[in-house]
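Reader: Please set out how the descriptive terms for this model follow from their definitions.

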Amino acid sequence: MPEATEEDTPPMPATEPTKIRNIAVAGHRGVGKTSLVEALLFEAGKTNRLGSVEQGTTVSDWDEHEQRRAMSLSGSLCHLEWKDRKINLVDTPGDAGFQADTFAALRVVEGVLVVMSGVMGVEVNTARIWKRADEQELSRVVFVNMLDRERADFYRVLEAARQQLSDRCVAIQLPIGSEHELTGIVDLLHMCAYMDPSGGREGGPQPIPDSMADLVQEHREKLLDAVVETDEELMARYLEGEELDPQAVADALKQAVTRDELYPVACGVATKNLGTTALLDLLVEGVPSPAKKGTTIEFGDAKQAVFVFKTIADPFTGRISCFRVLAGPVSGDTTLVDPRTHAKERMGQVLLLQGKDSEPVEALGIGDLGAVAKLKDVVTGDVLVDHEVAVEPPHIDFPEPVMSFAVTPKAKGDEEKMATGLRRLHEEDPTLLLRRDPQTGEQLLSGLSQMQVEVAVDRLNTRFHVEVELHPPRVPYKETIRKEARARHRYKKQTGGRGQFGDCAIVLEPLPAEDGELGYEFVDKIVGGVISQGYRPAVDKGIREAMEHGELAGAPVQGVRVLLVDGMEHNVDSSEMAFKIAGSMAFKEAYQQADPVLLEPIMELEVTVPDDNVGAVNGDLNSRRGRLQGMEPAAGMTTIKAEVPMAEILTYSQALTSMTGGRGDYSMHFLRYEEVPTHVAQKIIEQTKREREEAKV
Ligand SMILES: Nc1nc2c(ncn2[C@@H]2O[C@H](COP(=O)(O)OP(=O)(O)OP(=O)(O)O)[C@@H](O)[C@H]2O)c(=O)[nH]1
Ligand SMILES: [Mg+2]
């Protein structure tokens, strides 16, 4: 919850776009991104002590749920100054469940600091983020972290990055020593060393230890080769044996990184603050400024425009919207328009965020990242402009939710409170969805991972004071028929007073799916007016009602064409009600004979796992009635594609985690409905019967 701090100091003027570096810190779960951001802030003098994730004292993991779980759950905005440049850092969560924030952050930066573990190397989310960055042509700097850990190996990870991410990854730093004997790093660009400060501030550059000479020589050459290859003039000088001055190399490197032609690989130990000086230099020298690499987000001819990439919903402070300035400068007390709602939005005070703390600034210039509190109807993804212009808000391709839980409040009467809380959480994270399943009537909470849904439940409790329970959702089965059948039903009540009379004959036929959708059709074939025009829609209505709960498992019936072929009416006793009942009964009778079958949703599943786990994962999918569609191995990881019934995969995330030791990842979406195999269908039908009988008792 950002609080205003340092209100006494005069507000800062806007920073020039040429002096800004916007960088998302991204990578797989738990590789040290938050620790690295902490170290960078500390090294740049923004904090006085190096916080730690375990103790819950970092700037960017400020939320109580993040601290309790010792992991990042949402993107966090920080900034620092280094060599007269302002670096905005967005620390993103590595867990697949919280990727909405990661993907949104990638829309507002020029560069990505891709962090990898020196032990694990390229992991599922590293590859996924790399792909996104490719699509958005973002500049990248790689940081191999955790080199102090056992079995960490910089050279192995470098090779993995070259193999699995891009062969244009090139070392720009080298570790001195390894594992617990790591004593420093070499900066190959400036040809100097930084020694292990073990949590203190790094001292100035040191001479490179003599013992490293050969290795340094080898990698310095590789680096120069890679850099000069991107610059013809430099290449000519290099080939003539000229000693290239560091500035010329740095400039060429910057150009190459900007053009996405080179990915420098740095290294260090975030928790000891080792490698941050060289990394900060590299970020300033390598990542292009917003002036150099503009945004692709549209803002028409607006003189002032911002793009909201993140919303923090807080029950007390209200909404905080984090934005990037597209056109500006944008100062406090400006009024902008949201073309999506046509509403005027007052910018009030423009803020700089440092984790949970905020600081008012006079104005933010083009390309800068900041925040504003209490906008009215703005949601993540909106572009605000100074006058109504038709702008197409940028499409952030959020991943689809893969799992759903049925949620119910523990206390009766809390339904509304639960829904309001979840709506607010959805504003923060668009991949967290609450919807009512029209078929089963359950409230379903869907998300990208079990963790994401569980965190939402925690937050409902702490922020909105609602306790809820999660259950596996019911599978939305459907029913249909396989053959034609006919039936006639006469509904007749003629005891005293006015009676009831309705009589209809119908034919049921299977109706083929159209665009994968099973439908319903009612065809009026009455000749000679045996049922008068006014009563025929009542027959249709009665049938529709009967179809809502099929006789097999109480699931809706679809894929049926009904022909109304004959009937009879009584000139006194007939009524709409009587024909509705007759229609409904005729349908039920015909349905029994039409070979009714149960249908289940089939999901298209994509699982990415380490090669070693492929056998186990395939075997497991087989036992879940899955059908393998293909396998794509890619350097150590294999992507398995399969079609699996939804009923079998409701609790897949736990299974996959235990089979792969947490290294597997999956996504899925609905494909089509298919007939449930007889032996499985039998069980479901019996289960429904039991439930119906229990309900009756
Ligand atoms: N030994 C060692 N441990 C580290 C290093 N960097 C981070 N850690 C530890 O690794 C764990 C994860 O670090 P985080 O900084 O939370 O990693 P993260 O990438 O931000 O994690 P998520 O945000 O959850 O994806 C913490 O316990 C850190 O203390 C490092 O360089 N060396
Ligand atoms: Mg983190």
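The exchange below concerns two helix pairs and one ligand.

Author: This is a predicted model, in which local features need pLDDT of at least 70 and side-chain atom pairs count only at pLDDT 80 or more, while totals for chains, interfaces and linings use all residues. Residues are numbered from 1 along each chain, chains are lettered from A and ligands numbered from 1 in the order written, and side-chain values use heavy atoms, without hydrogens and water.

Reader: Why are α10 and α11 called roughly perpendicular?

Author: Helix α10 (residues 415–428) and helix α11 (residues 450–464) pack at about 115°. Angles of 65 to 115 degrees count as roughly perpendicular, and α10 and α11 are therefore described in that way.

Reader: Which residues of α10 and α11 meet?

Author: Contact means heavy atoms within 4.5 Å. K417, M418, G421, L422, R424, L425 and E428 in α10 meet A456, R459, L460, R463 and F464 in α11. By class, the residues of this contact are six nonpolar, one polar and five charged.

Reader: What is the handedness of the crossing of α3 and α4?

Author: The crossing is right-handed. Helix α3 (residues 99–106) and helix α4 (residues 124–135) have axes 11 Å apart and pack at about 30°.

Reader: What makes the approach of S72 to ligand 1 a polar contact?

Author: A polar contact is a pair of N or O atoms within 3.5 Å. An N or O atom in the side chain of S72 is 2.8 Å from an oxygen atom of ligand 1, so the pair satisfies that definition. For D148, a polar side-chain atom lies 2.9 Å from a nitrogen atom of ligand 1.

Methods: Axes are lines fitted to C-alpha atoms, for helices over the stretch in contact, and angles run from 0 to 180 degrees between N-to-C directions. Helices (H or I, at least four residues) and strands (E, at least two) are DSSP runs, numbered from the N terminus. Angles under 35 degrees count as roughly parallel, over 145 as roughly antiparallel, 65 to 115 as roughly perpendicular and the rest as oblique. Ala, Val, Leu, Ile, Met, Phe, Trp, Tyr, Cys and Pro count as nonpolar, Asp, Glu, Lys and Arg as charged, and the others, Gly among them, as polar. A crossing is left-handed if the near helix is turned anticlockwise from the far one by less than a right angle, and right-handed if clockwise. A polar contact is a pair of N or O atoms within 3.5 Å; within protein, one must be able to donate a hydrogen and the other to accept it, and residues adjacent in sequence count only if both atoms are side-chain atoms.
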